[in-house]
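I opened this entry to look up how the charged side chains pair and how the helices meet. My notes follow in the order in which I checked things.

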Amino acid sequence: MNYEEKVKNLEEIATKLEQDLPLEQALELYKQGVGLIKECLTDLEEVKGTISKVKQDLDSYIEEKIK
């Protein structure tokens with residue numbers, strides 16, 4: 001599941017949790033939501049690392065060209 005699908009799934013879970021649900025079902029949805037949030041944060045950290053690396057590579061390239 002990609003990041004966008006995870007966010008959409010989270011939105012669906014949030015909508016369901018706004019309804020009057022049995023406690024066990026609400027708890028299960030909550031657990032699923034927490035798991036998806038963790039996955040999304042991990043995905044964002046990976047993207048952040050990739051962006052940093054690409055920026056460093058670009059900065060190095062520019063620095064070499066200026067010299």
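**Salt bridges and helix 1**

I began with aspartate 57, which is partly exposed at a relative accessible area of 42%, in what I keep in mind is a predicted model. I then looked up its partner and found a salt bridge with lysine 53, the closest N and O atoms being 3.2 Å apart. Lysine 53 is likewise partly exposed, with a relative accessible area of 49%, and because the two residues are four apart in helix 2, about one helical turn separates them.

I next went through the remaining pairs, since the structure holds four salt bridges. Lysine 6 forms one with glutamate 39, with the closest N and O atoms 3.5 Å apart; glutamate 39 lies in helix 2 and lysine 6 in helix 1, so this pair ties together parts 33 residues apart in sequence. Lysine 6 also forms a salt bridge with aspartate 43, where the corresponding separation is 2.8 Å, and this pair ties together parts that are 37 residues apart in sequence.

I checked the burial of these partners: lysine 6 counts as buried at 8% relative accessibility and aspartate 43 at 19%, the cut-off being under 20%, whereas glutamate 39 is partly exposed at 37%.

Finally I turned to helix 1, residues 3-17, and asked which of its residues are buried. They are Lys6, Leu10 and Ile13, and they fall within an arc of 60° seen down the axis, so they line one face of the helix. These residues pack against helix 2, while Glu4, Lys8 and Glu11 are exposed on the other side of helix 1.

Methods
Residues are numbered from 1 along each chain as its sequence is written. This is a predicted model: local features need pLDDT of at least 70, side-chain atom pairs count only at pLDDT 80 or more; totals for chains, interfaces and linings use all residues. Side-chain values use heavy atoms; hydrogens and water are left out. The expected span of a helix is 1.5 Å times one less than its number of residues. Buried means under 20% relative accessible area, exposed over 50%, partly exposed in between (1.4 Å probe, protein chains only). The arc is that of the directions from the helix axis to the C-beta atoms. Contact means heavy atoms within 4.5 Å. A salt bridge is a side-chain nitrogen of Lys or Arg within 4 Å of a carboxyl oxygen of Asp or Glu.
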